[in-house]
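Work through the exercises below with the sequence and coordinates open. Try each task before reading its solution.

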Amino acid sequence: CALATETAENEIISISGLKGRDPKEIKVENLAKIIQARMEEILEHVYHEIRMSGYAKKLIAGIVVTGGGAQLKHIVQLVEYISGLDTRVGYPTEHLTKTKFEEIRHPMYATGVGLILKGQEDRFYVPQTEGAIENKTTVNNKTQITQNIAEENLVTEELVNVSAENNIEENKKDRTSWFNSILSNTKRWFEEDEVSDFK
């Protein structure tokens, strides 16, 4: 029993002796006090870890006790007293179909059955989370932006090339027209009959 106060007074049990020694008789109350003290130590450590994880106020469904220790009488009351959370014993048959093996129905097999179910679930797990989808979308968006920038750079480069070619053509025209202007002025100067400056 996990609570010494719930045991019957003057109830005695016999514990078999080790290696041929005579059996000893002790009061159930004394044995329950020892069991309760050890269970309180374990449960205080467990509840401390729950508080440290930040889930103490988020366990709406409470605590589920499994394993061989869950078969102790009044374990649910002790866990509720220490943690202040709703508590129940977890049986493996909650997630299984009816079975002819009665021994599997005990809480001591709940952890093993739970691990088997979790392993089966993980076997068919396809790792595709929202974060991965968002990352993929972000990568696609970045790729699209990079392509758009590259296209804009090409267009800008082509415009610069066209503008440079136009400038070269205009410069050639300007040089040609300037040169032609000097040439025509010089030619006219030589063709004049009388040059007034040299008289």
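**Exercise 1: The salt bridges of Lys118**

The side chains of Asp122 and Lys118 form a salt bridge, at 3.3 Å from N to O. The model is predicted. Task: find what other salt bridge involves Lys118, and place the residues in their helix.

Solution.

Step 1. Look for a second partner. The side chain of Glu121 also meets that of Lys118 in a salt bridge, at 3.9 Å from N to O. The cut-off is 4 Å, so this pair counts.

Step 2. Join the pairs. Lys118, Glu121 and Asp122 make up a network of salt bridges.

Step 3. Place Glu121. Helix H3 covers residues 110–123, and Glu121 and Lys118 are three residues apart in it. Therefore about one helical turn separates them.

Step 4. Place Asp122. In helix H3, Asp122 is four residues from Lys118, so this pair too is separated by about one helical turn.

Step 5. Check exposure. Lys118 has a relative accessible area of 42%, so it is partly exposed. Asp122, with 41%, is partly exposed.

**Exercise 2: A salt bridge in helix H1**

Task: how many salt bridges does a search of the whole structure find? Then describe the one that Arg38 forms with Glu41.

Solution.

Step 1. Take the count. The search of the whole structure gives three salt bridges.

Step 2. Read the distance. Between Arg38 and Glu41, the closest N and O atoms are 3.1 Å apart.

Step 3. Locate the pair. Both residues belong to helix H1, residues 28–53. Arg38 and Glu41 are three residues apart, about one turn of the helix.

Step 4. Classify each residue. Partly exposed lies between the 20% and 50% limits. Arg38 has a relative accessible area of 42%, so it is partly exposed. Glu41 has 41%, so it is partly exposed as well.

**Exercise 3: The surroundings of Thr7**

Task: is Thr7 buried or exposed? Then list what Thr7 is in contact with beyond its neighbours within four places in sequence.

Solution.

Step 1. Locate the residue. Thr7 sits in the segment before strand E1, which spans 12–15.

Step 2. Apply the threshold. Buried means under 20% relative accessible area. Thr7 has 13% relative accessibility, so it counts as buried.

Step 3. Follow the side chain. The side chain of Thr7 reaches the backbone oxygen of Ala4 at 2.7 Å.

Step 4. List the contacts. With neighbours within four places in sequence left aside, Thr7 is in contact with Cys1, Val28, Glu29 and Ala32.

How values were computed. Residues numbered from 1 in each chain as written. Predicted model: local features only at pLDDT ≥ 70, side-chain atom pairs only at ≥ 80, totals over all residues. Heavy atoms only, no water. Helix = DSSP H or I, 4+ residues; strand = E, 2+ residues; numbered from the N terminus. Buried < 20%, exposed > 50% of the residue type's maximum accessible area, 1.4 Å probe, protein only. Polar contact = N/O pair within 3.5 Å; in protein donor to acceptor, adjacent residues only side chain to side chain. Contact = heavy atoms within 4.5 Å.
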